[in-house]
Amino acid sequence: MSLIQINNLVKEYVMGENILRALDGVNLGIERNDYVAITGTSGSGKSTMLNVLGCLDRPTSGNYVLNGKDVGHLDPDELAEIRNREIGFIFQSFNLLTRATALQNVMQPLVYQGVPLHERKRRAEEALNHVNLGNRMDHLPNQLSGGQRQRVAVARALVTKPSILLADEPTGNLDSRTTVEIMKLFDELHKQNQTIIIVTHEPEIANHCLRIVRLEDGRVAEDRRKS
Amino acid sequence: MFVFDMMESFRAALLSIRAHGFRSFLTTLGIIIGVAAVIAVVSIIQGLQFTINQQFEGLGTNSIVVQSVNTFERRIQGIISRITPQDFEMLSTRVEGIATISPIIAGAGNSVRYGSQVTAVQVTGSDYNYQVVGRIFIKYGRFLSDNDDQTRRRVAVIGETVRQNLHLPANPVGEYIRIGDEWMKVIGLAEERGQILGQNQDNMVVIPYGTMRSITGNQNKLDVVIQIILGDISQMEVVQDRVITLLRTAHKLAPKDDDDFRVQTSQQLTSTFNTVLTTVTIVAGGIVAISLLVGGIGIMNIMLVSVTERTREIGICKAIGAKRHQILMQFLFESLLLCLLGGLVGLLIGYGIGAFAAAAIPNFPAAVVPLWAILLSVGFSAGVGLVFGIMPAAKAANLDPIEALRYE
């Protein structure tokens with residue numbers, strides 16, 4: 001059974017009197033341990049796709065089954081729980097809590113699971129060591145470089161052991177050297193059997209992945225697997 | 001799980017308050033001032049109440065005070081009522097059940113001289129029992145005796161301030177002072193009593209009632225306050241009624257007329273004062289409630305700003321799995337904690353003001369803040385925090401995660 005099964009997914013936005021159809025009948029299956037890039041030009045529906053895949057938003061119609069559970073029609077608190085347990089987000093602008101240290105940032109998702117403090121700390125330290133930031137745990141985000149911040153974000157995404165790592169333009173705010181560094185990290189995580197979905201418009205980033213799904217006008221225009 | 005969420009929200013709220021230390025202080029200033037005001041007012045009023053009760057305790061529970069009533073309306077009609085020396089004599093001979101009865105004439109201010117020194121003093125005319133009524137203890141010499149009164153001796157008991165103002169020797173007994181045109185021999189010096197309600201109690205001269213009457217001449221303008229102490233407290237009402245009947249007859253009051261005098265027991269006097277003080281407390285409480293309300297609105301305002309400012313942070317927390325009640329609780333705790341901290345700081349400041357006031361006013365008891373005032377003000381602050389925190393917290397909890405993440 002697929003990790004993600006999407007059937008005929010439609011997402012519409014009401015903009016004044018017009019109805020904007022951002023996703024127009026998307027069908028997509030993603031297996032466990034896949035490494036997928038979702039690409040497309042701006043306006044192609046990739047951001048909407050990311051929001052729906054990440055359970056931040058609900059589809060207007062269609063089915064979205066994640067890890068055997070239909071998550072298309074849950075209420076906001078149930079969606080929050082799914083986001084917490086199944087999905088690890090990585091954002092373009094890192095989105096770390098500015099007033100919290102690297103360690104506290106990584107511990108935060110575990111707070112919402114009710115993990116006790118010492119256990120939280122142990123698991124967060126483990127995740128930070130995993131991304132080679134064991135020596136930066138007590139630094140605030142503004143004391144870290146862009147690459148280091150993104151690695152904190154990766155650690156935060158991994159700490160809950162999610163089914164999917166969902167990255168939104170993860171290298172968009174990084175220079176080319178750091179981009180290579182972060183992509184290497186993604187490649188490694190994939191080798192460790194992590195399912196990864198990267199939403200990006202950059203072909204070089206997409207080329208790291210095993211499968212490239214290109215969206216156009218809210219539909220899947222191309223679904224190609226690298227040989 | 002709920003307890004865990006509470007503890008985590010508490011921790012997050014505490015961190016957030018600490019991160020914005022100065023702003024948190026300014027936010028809660030309204031609460032600090034409000035609570036400090038309650039505590040200061042209450043502690044001062046409690047002190048006042050204590051002092052006044054202590055003053056009346058000297059009268060004993062079995063005493064009755066009779067004095068004239070001159071309301072403003074009657075005064076502008078030209079009616080001045082008095083208790084005359086004749087009334088006093090009538091009461092002392094025609095009322096049964098009296099243990100002691102003593103007259104007090106509070107004279108107008110007189111100038112008192114000794115050598116070349118002059119001072120203005122209120123001279124009181126009374127008898128032996130005034131010692132008990134006025135809580136006067138003698139340091140040197142003796143107090144007035146019945147004999148002094150009956151023989152209208154020219155003697156006086158003076159207070160410490162008078163002695164100092166007149167440059168009398170430390171033990172002034174035997175010296176002669178001149179009150180008005182009369183020479184009086186000092187027979188006693190009273191112990192210092194300090195001030196009460198800003199009035200110096202040591203600036204006093206007491207002379208015998210008889211002497212007072214004789215030196216004010218044969219005019220009938222004396223207004224006597226009569227102090228009665230009963231032999232048997234169960235006779236209180238009987239004596240009160242008898243006094244009223246006799247005085248109404250003597251003053252030739254028609255049945256429809258109001259009494260032009262007042263007969264009060266010491267308990268009534270105490271309760272009158274307590275009623276006044278309770279009213280003051282309630283009024284002060286009302287003003288304070290308004291200030292706490294204003295403080296609460298200040299808190300709500302800052303919390304709303306804080307929610308807007310931290311929209312992105314809220315979006316992040318929601319994206320990584322925060323549920324609505326977890327966000328709600330964090331912000332609610334933040335305002336609750338702000339108010340409670342403000343309440344506690346206010347409590348300390350208020351107590352400090354009360355203690356300072358108590359120390360600054362002589363003979364004032366140490367500041368006592370009753371438990372109900374502490375509980376009330378802390379409880380009220382917590383209530384303000386909850387009531388005014390709920391709207392910003394709900395706003396934060398209901399933010400859409402996508403919108404919040406996009407917020408710059």
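## Strands, cores and a bent helix

Let's begin with one pair of residues: in chain A, A:Val36 stands opposite A:Arg211, which belongs to strand 9 of chain A. Keep in mind as you look around that this is a predicted model.

That pair sits in a parallel pairing, where strand 3 (residues 35–39) of chain A and strand 9 (residues 211–216) of chain A are joined over four bridges. Strand 9 of chain A has another partner too: with strand 10 (residues 219–225) of chain A it pairs in the antiparallel sense, over six bridges. Here A:Leu215 has A:Val220 of strand 10 as its bridge partner. Strands 9 and 10 of chain A form a hairpin with two residues between the strands, and in this hairpin A:Asp217 takes a positive phi near 50°.

Now step back to the two chains as a whole.

| Chain | Residues | Buried |
|---|---|---|
| A | 227 residues | 44% |
| B | 408 residues | 37% |

Chain A has seven helices and 10 strands, while chain B has 14 helices and 12 strands. How much of the contact in each chain links residues far along the sequence? Taking contacts with a separation of 6 or more, residues 24 or more positions apart account for 69% in chain A and for 81% in chain B.

Next, the nonpolar cores. Which residues touch the most other members of the largest one? Among its 114 residues, they are A:Val106, A:Leu128, A:Ala155, A:Leu166 and A:Ile197. The element that gives the most to this core is helix 2 (residues 21–57) of chain B, with 12 residues. Another core, of 45 residues, lies apart from it and includes B:Val162, B:Leu166, B:Val206 and B:Tyr209.

A:Leu128 is worth a visit of its own. Beyond its neighbours within four places in sequence, A:Leu128 is in contact with A:Ala102, A:Leu103, A:Val106, A:Leu133, A:Gly134, A:Met137 and A:Ala155.

Finally, find helix 13 (residues 371–397) of chain B. Why should this helix span 39 Å? Because it has 27 residues and the reckoning is 1.5 Å a residue; the C-alpha atoms at its ends are 37 Å apart, which agrees. Helix 13 of chain B also bends, by about 40° at B:Ile390, and the proline B:Pro392 follows within four residues. That proline is one of the buried residues of the helix, which also include B:Phe380, B:Val384, B:Phe388 and B:Ala393.

Definitions and conventions
Residues numbered from 1 in each chain as written. Chains lettered and ligands numbered in written order. Predicted model: local features only at pLDDT ≥ 70, side-chain atom pairs only at ≥ 80, totals over all residues. Core = buried A, V, L, I, M, F, W, Y, C linked by C-beta atoms within 7 Å. Buried ≥ 20, exposed ≤ 12 C-beta atoms within 10 Å, placed from the backbone. Contact = placed C-beta atoms within 7 Å. Pairing = 2+ DSSP bridges. Expected span 1.5 Å × (residues − 1). Bend = angle between axes of the 7 residues up to and from the residue.
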